[in-house]
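I opened the model to look up a few places in it. These are my notes, in the order in which I made them.

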Amino acid sequence: MSNTRGKIIVVGAGIAGLSTAWALTRRGFAVEVFEQGPIPNPRATSYDEHRITRHAYGSLEGYAYLMPRAFALYEAMFRDIGARHFAPGSVVYFLRDAVDWYEPVSRSLTALGKGYRDIPLAKVPDLFPMIETKGLMRVVETEEGGMLFPIRILTDLTVWLGNQGVVFHSDARVSDIDPEAGTLHANGQTHRADRIVIAAGAWVNKLTPVVADAVVPSRQAVMYLAPPPELVKAWNEVPVLIDLGSESGTYTLPPKMGTRLKVGDHVFTRSGDADGDRIATEADVARLNKAARLAYRDFDRYQVLEKKICFYTVTRDHSEEFQVKPWGDKAWVVSACSGHGFKLGPLIGDGVAAAIAGEMSDADTVRLTAGRMSHAEAQALG
Ligand SMILES: Cc1cc2nc3c(=O)[nH]c(=O)nc-3n(C[C@H](O)[C@H](O)[C@H](O)COP(=O)(O)OP(=O)(O)OC[C@H]3O[C@@H](n4cnc5c(N)ncnc54)[C@H](O)[C@@H]3O)c2cc1C
């Protein structure tokens, strides 16, 4: 493919930046990627062993309707990179309080034609011997989700992009972006492009004021675990498990295809600096431990293999909408929010590339990425 449509600089080599580079490259743009660290960067939010993908979106129904397209774009990306870094499976939800989840999920999954079913509480101890049944009100299994493998995706995508002629600048921290001139500074030099896409994750507010009122970094802890010996087999067989309570809750990825058992919690700290230390203290993991003890029997018998600090970028207003906005004449800001940025990465990148290519209006791209399209509009996108 000849690169004749103009030069685009992408700042940030996480899933948002690399997906945007992928979608632009497929459209014939010449792309350069600037990343402040190595590529992929272990300090990036995207850098982890696994991420959940699913159609069930709770009260964020607009995103549920985008999921068929998000899955399809991942398949297109997997075809390009020549590897399907995805373990399909169901996702099982354990509802402990009256959370606003079942009704919107039931509505959106029915509209999408995706299967879901209740699991009788009496069957839980046999099917999920690790689960704490105290306080459980309902268990729902949803089909057609699974686990994505981010480190492998980022690595293979970087290789593919490089082979397509994308220029990578690693250890190149960008500053002084001028969204009208299309210029930026990195490593003592000024670079110019027809468009600049800022996909800087939890560092975004250091580069642009555009989304500063809307998003904030959030320091979170996750733990990688070895289960008690009698539960190893059961953990190897279960799908992704999500525990939903009104005040706490956990998400747990089972060991699959060489990854470790991982548990995280849903409550955002809305504090911290992504440039700061990444040492997980007792205080960092205290809330996670509390939530995990509510979700799992004998949780204190699990061996902690690693405690890890990572950063979400979350909305200040709890809406969890992606903040994707044009900035000046020549820049776009892409902030992939909270717990759904990985599964939607290619969809968001494709939306921004479509706007830059003139295939979609800026306003529609903003609405698409904010999950504000109706089911019919999302279907019309293909
Ligand atoms: C614990 C945890 C669990 C999650 N679970 C899920 C899940 O199950 N499913 C899901 O879909 N999503 C999940 N997410 C969310 C998802 O991982 C993120 O939304 C997504 O990875 C964000 O990608 P990004 O590209 O925007 O940011 P990042 O991956 O952080 O990439 C931004 C990049 O920009 C670079 N950068 C920043 N500033 C500069 C600069 N000035 N110059 C050059 N480079 C710069 C950074 O070094 C970084 O590499 C989870 C997030 C966390 C923290």
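**Entry 1: Lys 114**

I started with the contacts of Lys 114. Setting aside neighbours within four places in sequence, I found Lys 114 in contact with His 55, Leu 109 and Glu 144. The model is a predicted one. I located Lys 114 in the loop between helix 3 (102-112) and strand 5 (116-118). Is Lys 114 buried or exposed? Its relative accessibility is 17%, so I noted Lys 114 as buried, since the cut-off for buried is under 20%.

**Entry 2: Glu 144**

I followed one of those contacts to Glu 144, which is found in strand 6 (residues 138-148). Its phi is positive, about 60°, although Glu 144 is not a glycine. I read a relative accessibility of 40% for Glu 144, so I put it down as partly exposed.

**Entry 3: His 318**

I looked up another positive phi outside glycine. His 318 has a phi near 65° and is a residue other than glycine. I found His 318 in the loop between strand 16 (303-315) and strand 17 (323-327). With 57% relative accessibility, His 318 counts as exposed, because exposed means over 50%.

**Entry 4: Glu 49 and its loop**

Next I went to the loop between strand 2 (30-34) and strand 3 (51-53), where Glu 49 has its place. At 19% relative accessibility, Glu 49 counts as buried. Which residues does Glu 49 contact, leaving aside its neighbours within four places in sequence? I listed Leu 148, Phe 149, Pro 150, Ile 151, Tyr 224, Thr 259 and Arg 260. I also checked Glu 49 against Gly 258: they are 209 residues apart along the chain, and their C-alpha atoms are separated by 9.0 Å.

Pro 40 also lies in the loop between strand 2 and strand 3. The peptide bond that joins Ile 39 and Pro 40 is cis, and I noted its omega as about -5°.

**Entry 5: Ala 30**

I then moved to strand 2 itself, where Ala 30 is found. Ala 30 has a relative accessible area of 24% and is partly exposed. I compared its position with that of Gln 164: the two are 134 residues apart in sequence, and 9.5 Å apart in space from C-alpha to C-alpha.

**Entry 6: helix 2 alone**

I looked at helix 2 (residues 61-81) next. Helix 2 has 21 residues, and I read 31 Å from its first C-alpha to its last, close to the 30 Å expected at 1.5 Å a residue. Where does helix 2 have a kink? I found a kink of about 40° at Met 67, shortly before the proline Pro 68. Helix 2 is mostly covered, with 16 of its 21 residues buried. Just after helix 2, I noted that Gly 82 takes a positive phi of about 80°.

**Entry 7: helix 2 and helix 1**

Helix 1 (residues 15-26) packs with helix 2 at an angle of about 75°, and I noted their axes as 12 Å apart. That angle makes helix 1 roughly perpendicular to helix 2, because the range for that term is 65 to 115 degrees. On the side of helix 1, I listed Ile 15, Ser 19, Trp 22 and Arg 26; they meet Leu 73, Tyr 74, Ala 76, Met 77 and Asp 80 in helix 2. By class, the residues of this contact are six nonpolar, one polar and two charged.

**Entry 8: helix 2 and helix 8**

I repeated the look-up for helix 8 (residues 345-356). Helix 2 and helix 8 pack at an angle of about 90°, with their axes 8 Å apart. They are therefore roughly perpendicular to each other. From helix 2, I wrote down Leu 66, Arg 69, Ala 70, Leu 73, Tyr 74 and Met 77, which meet Pro 346, Leu 347 and Asp 350 in helix 8. This contact has seven nonpolar residues, no polar ones and two charged ones.

**Entry 9: Thr 369**

My last look-up was Thr 369, in helix 9 (residues 362-369). At 0% relative accessibility, Thr 369 counts as buried. Apart from its neighbours within four places in sequence, I found Thr 369 in contact with Tyr 63, Phe 322, Val 324 and Ile 348.

How values were computed:
Residues are numbered from 1 along each chain as its sequence is written. This is a predicted model: local features need pLDDT of at least 70, side-chain atom pairs count only at pLDDT 80 or more; totals for chains, interfaces and linings use all residues. Side-chain values use heavy atoms; hydrogens and water are left out. Axes are lines fitted to C-alpha atoms, for helices over the stretch in contact, and angles run from 0 to 180 degrees between N-to-C directions. Helices (H or I, at least four residues) and strands (E, at least two) are DSSP runs, numbered from the N terminus. Angles under 35 degrees count as roughly parallel, over 145 as roughly antiparallel, 65 to 115 as roughly perpendicular and the rest as oblique. Contact means heavy atoms within 4.5 Å. Ala, Val, Leu, Ile, Met, Phe, Trp, Tyr, Cys and Pro count as nonpolar, Asp, Glu, Lys and Arg as charged, and the others, Gly among them, as polar. The expected span of a helix is 1.5 Å times one less than its number of residues. The bend at a residue is the angle between axes fitted to the seven residues ending there and the seven starting there. Buried means under 20% relative accessible area, exposed over 50%, partly exposed in between (1.4 Å probe, protein chains only).
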